[in-house]
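Hi,

Here is the structure I said I would pass along. Have a look at it first, and then read on for my notes.

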Amino acid sequence: MIHSILTINNLSCFLGGVKAIDNVNFSVKKNELRCIIGPNGAGKSTLFKIILGTVKPNSGSVLFFGKDISTTPTYKRVRSGIGIKFQNISIFNDLTVEHNIRLALPNKTNQKDVKVLGTKILNRIGLDINLIDRAGSLSHGHKQWLSIGMALAMEPKLLLLDEPTAGMGLKETSATAELVKSLNREGVTILVIEHDMAFVRELEAPVTVLHLGKILAEG
């Protein structure tokens, strides 16, 4: 029986001659909420990109539900259940909220169900907005949440959140912490990169500290 949804073994990666990831080992259990913290240049975002498959490691392996996906293309990793909210907000400002959700849904989704699913996702992330609103008209915090909603549209088994509270005020940050904890209680395994320590404390989750590409501490 596989208890870890994600396992990183002896992972190392050079970027431009710099060792961005240096022999990293850790695992994430199913239904776990885990934070990864560390200063700029610690290797946090590089680690996410390796998990997603957009950056190739020089050595080591990435296992997803016990299967080695180290050479698996990114689109297959997404289809197998890995979702991500990037550090930069990844929405289409000129399209409606509904169209953003529609683009994120699997191709097999019946278009008749798009509005129902779109409303369900918005309710799930607590966005009290209209599906026909233009995404570019949303507040910064709501744009961040829409990005999370788009990542949830494919029902990921593992959700990667890269700085989900970047640019938010205290109230939005606290609300985002509640959102992340709520999604985790629903059974979504979540790995979060964050600099805001107040947000990390609110999550009350295990923390992995990266520094110069190495794990400095965990607990």
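To get your eye in, which residue in strand 4 is the bridge partner of Asn 9? The bridge partner is Ser 61. Keep in mind as you read that this is a predicted model.

**The four-stranded sheet**

That pair belongs to the contact between strand 1 and strand 4, which pair in the antiparallel sense over five bridges. Strand 1 covers residues 4-15 and is also joined to strand 2, again antiparallel, by eight bridges. If you want a spot to click on there, Leu 11 stands opposite Val 24 of strand 2.

Put together, four strands make an open sheet in the order 2-1-4-5, with antiparallel pairing. Strand 2 (18-29) and strand 5 (67-68) are at the edges with a single partner strand each, so one side of each has no neighbour in the sheet. Helix 1 (residues 44-52) packs on this sheet and touches strand 1, strand 2 and strand 4 (59-64). The direction of helix 1 makes about 115 degrees with that of strand 1.

At the strand 5 end, strand 4 and strand 5 are antiparallel and share two bridges. Phe 64 stands opposite Lys 67 in strand 5. The two strands form a hairpin with two residues between them, and Phe 65 in the turn has a positive phi of about 55 degrees.

**The six-stranded sheet**

There is also an open sheet of six strands, in the order 6-7-8-3-9-10, and here the pairing is mixed. Strand 6 and strand 10 (214-218) stand at its edges; each has a single partner strand, so one side of each is left without a neighbour in the sheet. From one strand to the next, the twist averages 20 degrees.

Strand 6 runs parallel to strand 7 (residues 158-162), and four bridges join them. Ile 84 has Leu 160 as its bridge partner in strand 7. On the other strand pairing I looked at, strand 7 and strand 8 (residues 189-193) are parallel too, with five bridges, and Leu 159 stands opposite Ile 190 in strand 8. Helix 1 turns up here as well: it packs on this sheet, touching strand 3 (33-37), strand 6, strand 7, strand 8 and strand 9 (207-211). Its direction makes about 145 degrees with that of strand 8.

Now for the side chains of strand 6. In a regular strand, side chains alternate between the two faces of the sheet. Here, Ile 82 and Ile 84 point one way while Gly 83 and Lys 85 point the other way, and all are buried.

**Helix 5 and Ser 147**

Helix 5 lies across strand 6 and strand 7 and runs at about 170 degrees to strand 6. Helix 5 spans residues 140-152 and includes Ser 147. Is Ser 147 buried or exposed? Its relative accessibility is 5%, under the 20% cut-off, so Ser 147 counts as buried. Leaving aside residues up to four places away in sequence, Ser 147 touches Lys 85, Ile 89, Ser 90 and Ile 91.

**A patch on the surface**

One last thing to look at: Phe 92, Leu 95 and Leu 103 form a nonpolar patch on the surface, with about 270 Å² of accessible area together. Leu 95 sits in the loop between strand 6 (82-85) and helix 3 (97-104). With a relative accessible area of 31%, Leu 95 is partly exposed.

Cheers

Conventions. Residues are numbered from 1 along each chain as its sequence is written. This is a predicted model: local features need pLDDT of at least 70, side-chain atom pairs count only at pLDDT 80 or more; totals for chains, interfaces and linings use all residues. Side-chain values use heavy atoms; hydrogens and water are left out. Patches are made of residues with over 30% relative accessible area and no salt bridge: like charges are joined within 9 Å, nonpolar side chains (Val, Leu, Ile, Met, Phe, Trp, Tyr) within 5 Å. Accessible areas come from the Shrake-Rupley method with a 1.4 Å probe; for residues, only the protein chains shown count as cover. A salt bridge is a side-chain nitrogen of Lys or Arg within 4 Å of a carboxyl oxygen of Asp or Glu. Buried means under 20% relative accessible area, exposed over 50%, partly exposed in between (1.4 Å probe, protein chains only). Two strands pair if DSSP finds at least two bridges between them. Contact means heavy atoms within 4.5 Å. Axes are lines fitted to C-alpha atoms, for helices over the stretch in contact, and angles run from 0 to 180 degrees between N-to-C directions.
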